[in-house]
Amino acid sequence: MPLTLSKPLRIVRGKVHLNGYSPRRAGLDLDGQCRWANSGGFIHSNSPLKKPTEKLGLLRPQDVKRWTSIGTYHGPYWNDVRHGTAWKDVPALTQFLIWEQNGGGYGILLPLLSGDYVNTLQGEKNGVRLMATTGRKNRTELDPAIAYAAFGHDLYKLVDESVRAVAAHTKSFRVREEKKTPAFVDYLGWCSWDAFYSKVDERKFLSALRSFREGGIKPGFVILDDGWLDREGDLLRGFAMNGEKFPNGLAALVRQAKEEFGVAHFGIWHALNGYWGGVDPRSPLGKKYDVLKSNGAIRPWEGGTRQKLYLVDPRQASRFFTEFHNTLKAGGVDLVKVDGQSALTEFTRSHFGRVFAMRSYQQALQGSAVRHFDGALIHCMSNGLDVAYQLEQTLVWRNSDDFFPKKNSSAQQIHVHTNALNNLWTGTFALPDWDMFQSHHRTAEFHAAARALSGGPIYVCDKPGRQNFRILRRLASSDGRVWRCDRPALPAPESVFADCRTDPVLLKIHNRSGAMGLVGFFHCSEVRKRLTGSYSPADIPDLTGSHFIARRYSTGRVKEMHMDEWADVTLPRVGFEIITISPVLGGWVAPLGRLERYTGATSIGSAEIQADGNCRVMLRESGPYLFWCRKAVAVTDDQRRTIPFKYNRKTRLLTVEMKAAGMILITALG
């Protein structure tokens with residue numbers, strides 16, 4: 001099928017240059033006759049989309065050194081990452097494709113939603129093919145935009161501005177900064193899943209909260225996962241709890257969690273379709289709605305076995321979620337984790353177009369979550385494009401397949417790598433959730449450090465009595481408060497295009513906290529030997545200053561660095577390191593953050609040199625803080641009362657012990 005590309009920069013010998021910040025050496029060959037539409041960077045189909053599956057044009061990017069793709073390669077639920085140099089190796093169902101040019105710069109292709117069609121990419125010998133799929137078709141899509149293409153020299157700006165262009169064009173979703181961040185993500189959480197799986201009951205759930213209290217840390221949010229609902233097999237029978245497992249009911253459980261154990265946000269799990277197989281049409285609940293019957297495979301890990309599925313008609317989805325969430329809200333629930341979202345195609349393929357059905361459900365779900373829970377919703381098993389580009393109101397998005405505590409170390413490495421790479425795309429429209437983990441797992445610190453740097457929510461699925469409170473205290477204060485980084489973590493360009501799972505290289509990611517930067521290294525490679533990576537203040541986009549202090553989490557070693565200076569890190573397999581990089585203020589002082597935390601920089605509220613030359617610092621919580629000071633100092637509070645501190649003239653490190661959050665003044669002596 002021929003394609004149309006809109007508003008080109010120029011055409012040379014049939015080569016269409018990508019819309020972007022520099023057209024040099026960036027080309028995209030198209031098969032077939034092309035014509036231009038009205039908006040820059042958008043690729044259109046010349047022919048209408050009619051069939052359930054349409055094979056569209058072949059795109060051939062030029063001068064490509066290597067590419068990275070993201071797509072749902074192992075079933076509909078989760079994104080995975082692939083790397084390569086040959087186009088034939090780009091997997092089917094690719095949703096995001098970026099490449100590095102031989103002459104410098106980057107190119108990007110973003111398949112779109114086109115009416116009722118979901119477009120994806122797949123590799124062929126000479127390029128990448130656009131494919132369009134839907135369910136039952138009643139309407140032809142005329143002249144649809146099917147992809148977006150662009151080129152730029154700044155990797156992060158290219159991705160961010162491309163997604164913004166798609167959002168502005170489609171008006172079906174909003175970028176991350178335009179949506180409200182729910183309050184629960186600023187607390188340490190606990191979820192019942194890997195502690196009890198579906199065998200959770202009231203006694204077990206409360207025993208977990210009791211064990212956290214005994215350890216001196218209370219989770220700020222909890223999630224009662226699968227195992228609480230009134231169901232028969234895979235079908236939901238009602239909105240009430242399973243009375244045998246939870247004899248005192250939802251309201252009593254929530255009240256006890258909040259009043260006795262100090263939980264601020266009580267969350268609960270359900271599937272998009274009510275339960276895994278939908279709503280039981282024979283139950284009193286099912287008789288309240290029009291329930292559609294279909295056959296589909298919702299568990300690809302079980303060999304694709306098909307089963308009977310029952311879905312509330314998408315045109316009644318708003319009433320369904322309103323009535324469901326009314327019940328939850330009346331019981332005191334503050335948050336919902338909604339699973340199985342990308343299975344919806346299996347329920348609707350014989351009834352509706354794919355995008356119409358998902359749009360109906362997403363608008364109903366997100367609208368209800370905003371009305372009932374102030375937007376506190378975790379989208380789970382939802383990594384399909386028809387969810388991604390319809391996240392209009394809600395923000396938190398599970399970013400990868402589950403943390404599997406029983407799997408080997410390689411699986412734990414892949415989990416961290418996949419989340420880090422997915423963030424490059426998903427962090428533009430969502431707050432990526434890297435999933436829970438267990439603080440008592442053999443790779444607990446590897447996961448904990450990754451979550452701390454991720455910028456997303458941090459929660460565990462610990463078994464009662466087995467928590468590692470030393471690790472938990474490195475993530476949160478005793479009241480469960482978590483100080484997150486400023487944004488979703490981003491992979492360094494060298495980690496975007498190298499396969500850190502197989503190549504002998506470390507995964508490098510970075511983040512910001514105010515004026516300070518953080519660089520993290522993770523040994524995610526199957527290579528079992530120690531690996532070395534390099535870092536610099538220049539790794540942090542937009543980090544200002546020329547003189548910096550870099551401190552390693554693992555050793556506490558401090559190093560003075562300039563913007564163009566580099567240092568090495570060497571790690572064993574499944575090892576990690578986080579480096580805090582702080583600008584030197586006034587030529588003599590640099591805050592390094594809360595000690596005993598993976599990302600202690602986040603506990604610094606602000607730091608500035610005042611007109612009198614003193615350094616004024618806002619500290620967000622109690623505990624020990626570390627500063628680098630070129631000379632001896634005095635430390636006082638805002639009332640000029642002395643605060644206990646220690647200064648080491650040899651290392652130039654200042655330790656300040658705070659009894660509570662507050663402001664301090666650091667005054668240089670001599």
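This note concerns helix α10, its neighbour α9 and the sheet on which α10 packs.

1. The model is predicted, so that local features need pLDDT of at least 70 and side-chain atom pairs count only at pLDDT 80 or more, whereas totals for chains, interfaces and linings use all residues. Residues are numbered from 1 along each chain as its sequence is written, and side-chain values use heavy atoms, with hydrogens and water left out.

2. The axes of α9 (residues 409-426) and α10 (residues 444-454) come within 10 Å and cross at roughly 10°; axes are lines fitted to C-alpha atoms, for helices over the stretch in contact, with angles from 0 to 180 degrees between N-to-C directions. The two helices are therefore roughly parallel, a term for angles under 35 degrees. Helices (H or I, at least four residues) and strands (E, at least two) are DSSP runs, numbered from the N terminus.

3. Contact (heavy atoms within 4.5 Å) involves Q412, Q413, H415, V416 and N423 of α9, together with F446, H447, A450, R451 and S454 of α10.

4. An open sheet of six strands follows the order β27-β28-β29-β34-β31-β32 with antiparallel pairing, where pairing requires at least two bridges found by DSSP. Helix α10 packs on this sheet, touching β28 (507-513), β29 (516-522) and β34, and its direction makes about 150° with that of β29.

5. Of the 11 residues of α10, 10 are buried, meaning under 20% relative accessible area with a 1.4 Å probe and protein chains only. After the helix comes G455, with a positive phi near 85°.

Note on methods. Parallel < 35°, antiparallel > 145°, perpendicular 65-115°, else oblique. Buried < 20%, exposed > 50% of the residue type's maximum accessible area, 1.4 Å probe, protein only.
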